[in-house]
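User: Hello! Could you take a close look at one part of this model for me, the site where the ligand sits, and then walk me outward from there?

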Amino acid sequence: MCVFGWLFPSGYASSGAVGLVLGHPFDTVKVRLQTQTTYRGIADCMVRIYRHESLLGFFKGMSFPVASIAVVNSVLFGVYSNALLLLTATSHQERRAQPPSYMHIFLAGCTGGFLQAYFLAPFDLIKVRLQNQTEPRAQPGSPRPRYQGPMHCAASIFQEEGPRGLFRGAWALTLRDTPTLGIYFITYEGLCHQYTPEGQNPSSATVLVAGGFAGIASWVTATPLDVIKSRMQMDGLRGKVYRGVLDCMVSSVRQEGVGVFLRGLTINSARAFPVNAVTFLSYEYLLRWWG
Ligand SMILES: CN(C)C(=N)NCCC[C@H](N)C(=O)O
């Protein structure tokens, strides 16, 4: 069953993409709050984006995440399923009767998170750079944004910062995703186990609720490093140059206090529920069809 993650990414593409499109406006507000200090809060940021950039401003940088979701989720869920298979020597169906230990679930989730971070890094970098462009849609005579679109952004980063530039912030992203994806899968499997009769598959309602809470639990714990990751990805563009993840943490705390680590927490959590409810529903159904 475990090759399904690599063989059937189209299921992830359609289901994951819907959640991603719905969640993108929240993601844009979160990224702006984490990297720009001019906004006074969620409402101020939303009003200013709407007034200055129109509704389209909320959807900046969306195309690459939508185009890459199938690959990123296939790596994450494929590695997770295969790691669990290696650790427990049981198939998905057998695991309903013989649930794996939480330690195995955590380790498999961390492995998935670690490996997916490298596939996600360049797409996430381009997304964050485009989301941070505050120029309204190009009109004759108006100033043009630095990046004209995702391909232009990728090419410019490649030219200006070299191939390694496309992986700016990848270390912070790996530190963010490795433990938090362990938490993600533990929360999901734990809630499904709790609310499903012995030996049965969880109902769709259980999957949606468990997936939603898994998203919230993982994003709450991921937010501090999410702030650092977003700042590292914007590094250099606005003059500040961090010497590494630790330097970024120290200088952010010095300038803005420890509260800086909570930037975007509320909006991250609100976005996490629907996006991850839909993601886990597609994961469960793909496993059952091809499991
Ligand atoms: C805390 N983290 C990094 C995660 N839970 N990641 C996996 C879920 C990713 C999903 N597409 C989302 O954007 O929420």
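Analyst: Happy to help; what follows starts at the ligand and then moves on to the helices.

Please keep in mind that this is a predicted model. The residues around the ligand are Arg176, Asp177, Thr180, Leu181, Tyr184, Ser218, Trp219, Ala222, Arg271, Val275 and Asn276. Three of these residues bring polar side-chain atoms to the ligand. For serine 218, a polar side-chain atom is 2.9 Å from a ligand nitrogen atom. Arginine 271 places a polar side-chain atom 2.7 Å from an oxygen atom of the ligand, and an N or O atom in the side chain of asparagine 276 lies 3.0 Å from an oxygen atom of the ligand. Of the 390 Å² of accessible area that the ligand has on its own, the protein covers 92%.

Now to helix H8, which runs over residues 170-194. Glutamate 189 belongs to this helix. With a relative accessible area of 15%, glutamate 189 falls under the 20% limit and therefore counts as buried. Beyond residues up to four places away in sequence, glutamate 189 touches Tyr80, Arg96 and Ile105.

Cysteine 192 is also placed in H8. Its relative accessibility is 3%, so cysteine 192 is buried. Setting aside neighbours within four places in sequence, cysteine 192 is in contact with Pro202, Thr206 and Ala210. As for alanine 210, its C-alpha lies 6.2 Å from that of cysteine 192, although 18 residues separate the two in sequence.

Tyr80, one of the contacts of glutamate 189, leads us to helix H4, residues 63-88. At 1.5 Å a residue, the 26 residues of H4 should span 38 Å, and because the end C-alpha atoms are 38 Å apart, the two values agree. H4 also bends, by about 50 degrees at isoleucine 69.

Finally, the backbone on either side of H4 deserves a look. Most residues other than glycine have a negative phi. Alanine 89, just after H4, takes a positive phi of about 55 degrees. In the loop between helix H3 (42-53) and H4 we find serine 54, whose phi is also positive, near 65 degrees. Serine 54 has 34% relative accessibility, so this residue counts as partly exposed.

Technical notes
Residues are numbered from 1 along each chain as its sequence is written. This is a predicted model: local features need pLDDT of at least 70, side-chain atom pairs count only at pLDDT 80 or more; totals for chains, interfaces and linings use all residues. Side-chain values use heavy atoms; hydrogens and water are left out. Helices (H or I, at least four residues) and strands (E, at least two) are DSSP runs, numbered from the N terminus. Buried means under 20% relative accessible area, exposed over 50%, partly exposed in between (1.4 Å probe, protein chains only). Contact means heavy atoms within 4.5 Å. The expected span of a helix is 1.5 Å times one less than its number of residues. The bend at a residue is the angle between axes fitted to the seven residues ending there and the seven starting there. A residue is near a molecule or strand if one of its heavy atoms lies within 4 Å of it. A polar contact is a pair of N or O atoms within 3.5 Å; within protein, one must be able to donate a hydrogen and the other to accept it, and residues adjacent in sequence count only if both atoms are side-chain atoms. Accessible areas come from the Shrake-Rupley method with a 1.4 Å probe; for residues, only the protein chains shown count as cover.
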